[in-house]
Amino acid sequence: MASVNQDFRWMRVALTLAERGLGQTQPNPSVGCVIVKDSRVVGRGWTQPGGRPHAEAMALEQAGDAAEGATVYVTLEPCAHVSPRGPSCTSLLLKARPARVVIATQDPDPRTRGDGARALAEAGIATITGVCEAEAVRQQRGFRLRLAEGRPEVTLKLATSLDGCIALASGESRWITGPQARAHAHLERARHDVILIGRRTLEADDPLLDVRLAGLENRSPRPVVASRTLDAIPAALRLAGKAEILAGESLPEMLAGLAAQGALRVLAEGGAGLAADLLKHDLVDRLLWYTAPIVIGKGRSGVEDFGLERLGDAHGRWNMLDNSLLGEVRLAVFERIR
């Protein structure tokens, strides 16, 4: 019988596997699965690009007959609904006959919600739910927000000087941060479905918004420009013919449009106006703040005014998840307290 410590250990392995699919699996969440028998991994899987095969299907295929009597660790309740894209993961597990299935968190999709775990338990398979649940829910936040609120998870990235500037008054901004921080930012791009900028960033920076890390070039997110006035991206700019213009009366409406297209994770990279609009509408779920050890003085602020009237309203809104150094640049990661 596996101990509680072993269950947490193997579930963290499954969560690590799920990280591999982030930004690639929309509209499905990225799930991880590891199958363990006699303290040895006999199968592992994670959601594949486009959402299929699911993590359990991949792990069970690898395990083969060894899955019988094993323990299956999966970061989301196995799906239980019929799909034209393949059999449900619950039916595959029932056929494989593992001894135990350990689940991080229940599937919020009403087509499964609780039915997968219930079917496994009724078939005599020991079924445990809630192992590393907080970590799994955080990892699946985009999927959950899309179901609950009709919008994707939004990460806002800011790279500033110590005094909160993203550029000199002249607009010069290359480079605020160093190579390690820029590499990390490209890794973040690779883990998102969409990268979002505003019109002013498009025109001022003429960005490419791709991933330039060796081996991850094919993981570039879909570039999108949020603008209520732009009809087409000028042919002289590098995103012409590559980026979508996100239309809508408001930013919440624009993000709802992305969710309707299947997007789960959106990385907002610029600029100050877009950052302010996202904060004004309380749409930022995760904040990446890269701070370089430089002082600019009179420069361009990283965030424009977004209507905060009382200082007290700014407190109690953010929880720090990480605080680390990337070379000389400090990276602080926050999540919105809701």
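**Exercise 1. Find out how many disulfides the structure holds, then check C33 and C132.**

*Solution.* Start with the count: there are zero disulfides in this structure. Keep in mind that we're working with a predicted model.

Step 1: take C33. Its nearest cysteine sulfur belongs to C89 and sits 8.3 Å away. A disulfide needs two cysteine sulfur atoms within 2.5 Å, so C33 is in no disulfide.

Step 2: do the same for C132. Here the nearest cysteine sulfur is that of C33, 14 Å away, and C132 is in no disulfide either.

Step 3: are these two cysteines buried or exposed? The cut-off for buried is under 20% relative accessible area. C33 has 0% relative accessibility, so it counts as buried. C132, at 2%, counts as buried too.

**Exercise 2. Work out which residues of helix α1 are buried and where they sit around the axis.**

*Solution.* Step 1: get to know the helix. α1 runs over residues 4-19, 16 residues in total. From first C-alpha to last, α1 reaches 23 Å, close to the expected 22 Å.

Step 2: list the buried residues of α1. They are D7, W10, M11, A14, L15, L17 and A18. These residues span an arc of only 155° around the axis, so they lie on the same side of α1.

Step 3: think about the spacing. An α-helix has 3.6 residues a turn, so residues three or four places apart point the same way.

Step 4: look at the other side of α1. There, N5 and T16 are exposed.

**Exercise 3. Name the elements that the buried residues of α1 pack against.**

*Solution.* Go through the strands: β1 (32-37), β2 (40-46), β3 (71-74) and β4 (100-103) are among the partners. Then add a helix, α5 (133-139).

Methods: Residues numbered from 1 in each chain as written. Predicted model: local features only at pLDDT ≥ 70, side-chain atom pairs only at ≥ 80, totals over all residues. Heavy atoms only, no water. Helix = DSSP H or I, 4+ residues; strand = E, 2+ residues; numbered from the N terminus. Expected span 1.5 Å × (residues − 1). Buried < 20%, exposed > 50% of the residue type's maximum accessible area, 1.4 Å probe, protein only. Arc of directions from axis to C-beta. Contact = heavy atoms within 4.5 Å.
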